[in-house]
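Thanks for sharing this one with me. Here are a few friendly notes to read alongside the coordinates.

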Amino acid sequence: MRVGAELPPLEIPVTRTLIVAGAIASRDYQDVHHDAELAGQKGSPDVFMNILTTNGLVGRYITDHFGPAAMLRKVAIRLGAPNYPGDTMVLTGRIEAVDGDTATVRVVGANALGRHVTGTVTVAVPAQVPPATPAAAQAQAPDPARDPEGRS
């Protein structure tokens, strides 16, 4: 992790299924996230993604980059242009600060209309401590010859 490092972009196809599933999964039953006709009556050209789905996708972007040990400490995002079905959101990131095992990443998610999401994510990436020697690793591993299920 170094200040100024760019994360590789992540392209996310914005499908109607993603929008509706994200709304259902986050228990956001607002009609503008699942009913195109009612969304149109409220002035929207179609259903659009909710902030909770966007928040989850931002989190996924960070943890996909930093790995399974990464822990999100803070996510601060702001929505801009809506994500409508048929578009693609491209997430990009840049490391803005590093303090020990913690980084602050500036994230932008853009679509054809402009910036859908902007914000920062603070992520901790604990150092993995490998066993000191191969013998130490062997001593920690169960002996399948002794017990095939790994019990001692």
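1. Let me begin with Val58, keeping in mind that this is a predicted model. Val58 is part of helix α3, which covers residues 51-66.

2. Is Val58 buried or exposed? Its relative accessibility is 1%, and buried means under 20%, so Val58 counts as buried.

3. What does Val58 touch, once neighbours within four places in sequence are set aside? The contacts are Ile77, Leu91, Val107, Val117 and Val121. You may also like to check the pair Val58 and Gly119: their C-alpha atoms are 9.3 Å apart, with the two positions 61 residues apart along the chain.

4. Next, the sheet. Five strands make up an open sheet with antiparallel pairing, and their order is β1-β3-β4-β5-β2. At the edges sit β1 (6-14) and β2 (71-79), each of which pairs on one side only. On average, neighbouring strands of this sheet are turned by 20 degrees against each other, direction ignored.

5. For a closer look at one pairing, take β1 and strand β3 (residues 87-99). The two run antiparallel and are joined by seven bridges. Within this pairing, Ile12 has Met89 in β3 as its bridge partner.

6. Finally, how do the helix and the strands fit together? Helix α3 lies across β1, β2, β3, β4 (102-111) and β5 (114-124). Relative to β1, α3 runs at about 140 degrees. Val58 belongs to this helix, and the contacts of Val58 listed above include Ile77 and Leu91.

Methods:
Residues are numbered from 1 along each chain as its sequence is written. This is a predicted model: local features need pLDDT of at least 70, side-chain atom pairs count only at pLDDT 80 or more; totals for chains, interfaces and linings use all residues. Side-chain values use heavy atoms; hydrogens and water are left out. Helices (H or I, at least four residues) and strands (E, at least two) are DSSP runs, numbered from the N terminus. Buried means under 20% relative accessible area, exposed over 50%, partly exposed in between (1.4 Å probe, protein chains only). Contact means heavy atoms within 4.5 Å. Two strands pair if DSSP finds at least two bridges between them. Axes are lines fitted to C-alpha atoms, for helices over the stretch in contact, and angles run from 0 to 180 degrees between N-to-C directions.
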